[in-house]
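Please look through the structure shown here with attention to how its strands, its metal sites and its interior fit together. The paragraphs that follow take these topics in turn.

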Amino acid sequence: MKIITCWDEYRRRIVEEDAVVLLPVGAMEQHGYHLPLGTDWLMASYMARRAAENIGGIVAAPVVYGYRSQPRTGGGPHRCGTTNLDGGTLIALVRDVLREIARHGARKIAVIDGHFENRFYLDEACHLAMRDLRAEGTGGVRILKMLYAERIRPETLERVYAGRDFPGLDLEHGGVLETAMMLYCHPGLVDMSRIADEPAPAFPPYDLFPPEPGWVPASGCLSSGKGATAEMGRLLVEEFVQLVTEALRSEFR
Ligand code: ZN
Ligand code: MN
């Protein structure tokens with residue numbers, strides 16, 4: 001499967017065949033010593049590609065930068081390489097890209113998010129793009145937006161965690177879930193010899209500005225990915241691929 005194609009092929013697929021265009025959005029964000037900075041956009045792109053294969057869709061080039069990493073969900077801005085966009089920048093960028101995809105002729109667009117903090121900024125980008133399209137008289141466009149890991153079945157969590165405590169999705173930054181998924185999808189980009197084993201942080205129920213570096217464990221991970229395996233990753237990834245595929249099938253017949 002090609003990621004984006006030549007222009008006439010692209011035009012044929014979206015104009016004549018009414019194919020869904022999937023836009024992966026991620027982040028450049030530290031994920032500890034053992035995972036790459038691009039983890040979130042790599043995983044969003046992977047999910048988009050697999051779902052596109054299932055429905056005959058097209059994957060657009062990913063938005064690799066994302067909204068500001070938050071200390072309590074992503075480790076914050078303090079590790080080198082975390083490259084944050086302001087909320088307004090992300091909204092403007094994604095709004096423009098969505099409007100362009102619609103101008104090309106696509107009527108079915110899906111935004112696949114791989115970075116929790118992007119959430120409301122992507123909502124806003126979708127709202128404003130729809131407003132732009134209405135104002136210029138472009139009808140019939142629908143956008144589906146989805147965090148690919150929006151839901152995990154309890155049975156899957158139980159199998160992945162097998163007796164250990166699930167720290168909660170907030171603390172899964174650089175932890176077992178992301179490590180396992182990357183081991184399954186991009187094994188060559190994971191260095192299990194460098195995985196940290198620090199206790200999960202006890203965050204207070206508020207944020208500080210400027211963010212407090214001492215809140216986040218030294219590695220930047222919010223829980224340890226120790227014990228993660230590619231097999232756990234397979235369970236998670238295949239479930240998420242299914243979840244995204246079903247969402248697209250039910251909304252874009
Ligand atoms: Zn991540
Ligand atoms: Mn993230």
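A crossover is called right-handed if, with the strands pointing away from the viewer, the path from the first strand over the helix to the second runs clockwise. In this predicted model, strand 5, helix 5 and strand 6 make a β-α-β unit of that right-handed kind. The two strands of the unit run parallel and are joined by six bridges, and within this pairing isoleucine 112 stands opposite methionine 146 of strand 6. Strand 5 also pairs with strand 1 (residues 21-25), again in parallel, through five bridges, with alanine 110 of strand 5 as the bridge partner of leucine 22.

How many of the six residues of strand 5 are buried? Six of the six are, so the strand is largely enclosed by the rest of the structure. In a regular strand the side chains alternate between the two faces of the sheet. Here both faces are covered, since Lys108, Ala110 and Ile112 on one side and Ile109, Val111 and Asp113 on the other are all buried.

The loop that follows strand 5 leads to the metal sites, for histidine 115 lies between strand 5 (108-113) and helix 5 (119-135). The manganese ion (ligand 2) has as its protein donors Glu29 (OE), Asp40 (OD) and His115 (ND1), which lie 1.9 to 2.3 Å from the ion, and along the chain these donors follow the spacing E-x10-D-x74-H. Aspartate 40 lies in helix 2 and histidine 115 in the loop just described, so the pair ties together parts that are 75 residues apart in sequence. Aspartate 40 and histidine 115 are both buried.

The zinc ion (ligand 1) is coordinated by His31 (NE2), Asp40 (OD) and Glu178 (OE), at 1.8 to 2.1 Å, and the spacing of its donor residues in sequence is H-x8-D-x137-E. The zinc and manganese ions are 3.4 Å apart, and aspartate 40 coordinates both. Because aspartate 40 lies in helix 2 (residues 39-55) and glutamate 178 in helix 7 (residues 176-185), this pair ties together parts that are 138 residues apart in sequence. Glutamate 178, like aspartate 40, is buried.

Attention can now turn to the nonpolar interior. In soluble globular proteins, nonpolar side chains tend to be buried together. The largest nonpolar core of this model has 40 residues, and those with the most contacts inside it are Leu22, Met47, Tyr148 and Leu248. Helix 2, strand 5, strand 6, helix 6 (154-161), helix 7 and helix 8 (230-251) each supply at least two residues of this core, and helix 8 gives the most, with nine residues. Leucine 22, leaving aside its neighbours within four places in sequence, has contacts that include Ala48, Ala51 and Ala52, as well as Ala110, Ile112 and Leu248. A second, separate core of 26 residues includes Tyr10, Leu23, Leu90 and Leu98.

The cysteines remain to be considered. A disulfide is a covalent bond between the sulfur atoms of two cysteines. With a cut-off of 2.5 Å between cysteine sulfur atoms, the count comes to zero disulfides. Why does cysteine 185 have no such bond? The closest cysteine sulfur, in cysteine 221, is 18 Å from the sulfur of cysteine 185, which is too far for a bond. Cysteine 185 is buried, with a relative accessible area of 13%, whereas cysteine 6, at 43% relative accessibility, counts as partly exposed.

Notes:
Residues numbered from 1 in each chain as written. Chains lettered and ligands numbered in written order. Predicted model: local features only at pLDDT ≥ 70, side-chain atom pairs only at ≥ 80, totals over all residues. Heavy atoms only, no water. Donors = N, O, S within 2.8 Å, 3.2 Å for Na, K, Ca; no water. Helix = DSSP H or I, 4+ residues; strand = E, 2+ residues; numbered from the N terminus. Buried < 20%, exposed > 50% of the residue type's maximum accessible area, 1.4 Å probe, protein only. Pairing = 2+ DSSP bridges. Core = buried A, V, L, I, M, F, W, Y, C linked by side-chain atoms within 4.5 Å. Contact = heavy atoms within 4.5 Å.
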